[in-house]
Amino acid sequence: MKLLTYDSGSGPRCGVLRDNLVIDVTALLGVAHTLRDVRALLELGDSPIERLQDALASDIAAPAVPLPMVRLRAPVLQPPTVRDFFSFEAHASGQGARTLPEAWYRLPIFYFSNTLRIFGPEDVVPVPSATDRLDFELELGCVIGREGSDIAAADALDYIAGFCIFNDWSARDLQFDEMAVGLGPAKGKDSATTLGPWLVTTDEMAPYLRDGRLQVKCAVRVNGDVWLDEGDGGAAHFSWGDFVERASKDSRIVPGDVLGSGTVSGGSVPEAIARGIGSARYLQPGDVVELEVEGIGTLRNTLGPQENVDPAYRYKPKA
């Protein structure tokens, strides 16, 4: 199934896509309160995805709207947490230009991103005022469907509700400054994350899952120009099980939490420049960025204007 959050004019609601129709999940399940997004569905407990599958199979009557007539929102409007990992060696090493520390190969490293700046498909994403080097990052994302702690990697798929595309917008100049001090990324990743276009349930993505990794082809287009073709989602050093195990170790994950895979090799501006893509450059207001992932779909955003620019906050290279 493709689970989504949509707005047909009366506010966000959880839906399921079937034959190009968006079916209202609140009505389909007979829930007394409005399910505002996919997180609200998952928080129902008692195997909500299986209940939804049963309801669809039973042909229960529920309001439906053609997909082109709704506004799609991020599947999870405000995740409890967003943990973004760093699992593609070619990206992490700058296509081999840097030697990675031993710990990178031993531990699935992640940082926490901003849950208050989540954007959805077709949203206009503002360009941070303090950056001259705005980057996209093509990532795979998963959404947690069950609460748990200290989960073994072998059991992890039972906790993943499904997968989506994850665009980790990055102000590289701000990130460079803060990580040079020994912390971060933080402010360099603070302005926006885009999730979508929907959540494809784990059972539907099963044909692509091998060795705990999504063996999917990935592509990037900027203003219609191909900046990446046939990126390999299966080349991650760590598996989704490793991510879930690491995230839940001595901690807790809950329905609606989002985990990012890290940038698929080739899925960023510097990598496009290094490969000799003629139109590749850091992003500017008005650019249209499209991320496409096999089995999931396409996530498209336009960059909005850069306002309130203050030179005092811009990165200043060391003299």
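**Close-up 1. Threonine 5, buried in strand β1 of this predicted model.** Threonine 5 has a relative accessible area of 0%, so with a cut-off of under 20% it counts as buried. The strand that holds threonine 5 is β1, which runs over residues 2–7. Two backbone atoms are worth picking out around the side chain of threonine 5. The backbone nitrogen of valine 38 sits 3.4 Å from a polar atom of that side chain, and the backbone oxygen of alanine 74 also lies 3.4 Å from a polar atom of the threonine 5 side chain. If you set aside neighbours within four places in sequence, the contacts of threonine 5 are Pro12, Arg13, Arg36, Asp37, Val38, Arg71, Leu72, Arg73, Ala74, Pro75 and Leu77.

**Close-up 2. Glycine 9, exposed in the loop between β1 and β2.** Here the relative accessible area is 70%, and since exposed means over 50%, glycine 9 goes in that class. The loop around glycine 9 links β1 to β2, the latter spanning 12–18. For a sense of scale, try leucine 56: glycine 9 and leucine 56 are 47 residues apart in sequence, and their C-alpha atoms are 24 Å apart in space.

**Close-up 3. Proline 80, partly exposed in the loop between β5 and β6.** With a relative accessible area of 30%, proline 80 is partly exposed, because that value falls between the 20% and 50% cut-offs. The flanking strands are β5 (71–73) and β6 (82–85). Now look along the chain to valine 258: proline 80 and valine 258 are 178 residues apart in sequence, yet 8.1 Å apart in space, C-alpha to C-alpha. Leaving out neighbours within four places in sequence, proline 80 is in contact with Val254, Pro255, Gly256 and Asp257, along with Arg39 and Thr115.

**Close-up 4. The largest cavity and the residues that line it.** The count comes to one cavity of 30 Å³ or more, and the volume of the largest cavity is about 40 Å³. Rolling a probe the size of a water molecule over the atoms is what shows where empty space is left. The lining of the largest cavity is made up of Phe88, Leu140, Gly212, Arg213, Leu214, Gly233, Ala236, Phe238, Ser239, Trp240, Phe243 and Ser261. Sorted by type, that lining has seven nonpolar residues, four polar and one charged. At least two lining residues come from each of β16 (213–214) and α8 (240–248).

Key: Residues numbered from 1 in each chain as written. Predicted model: local features only at pLDDT ≥ 70, side-chain atom pairs only at ≥ 80, totals over all residues. Heavy atoms only, no water. Helix = DSSP H or I, 4+ residues; strand = E, 2+ residues; numbered from the N terminus. Buried < 20%, exposed > 50% of the residue type's maximum accessible area, 1.4 Å probe, protein only. Contact = heavy atoms within 4.5 Å. Polar contact = N/O pair within 3.5 Å; in protein donor to acceptor, adjacent residues only side chain to side chain. 1 Å grid on protein atoms, 1.4 Å probe; cavity = no way out; pocket = protein on both sides within 12 Å on 5 of 7 lines; lining within 4 Å. Points joined across faces, edges and corners; volume = space filled by probe spheres on them. Nonpolar A, V, L, I, M, F, W, Y, C, P; charged D, E, K, R; others polar.
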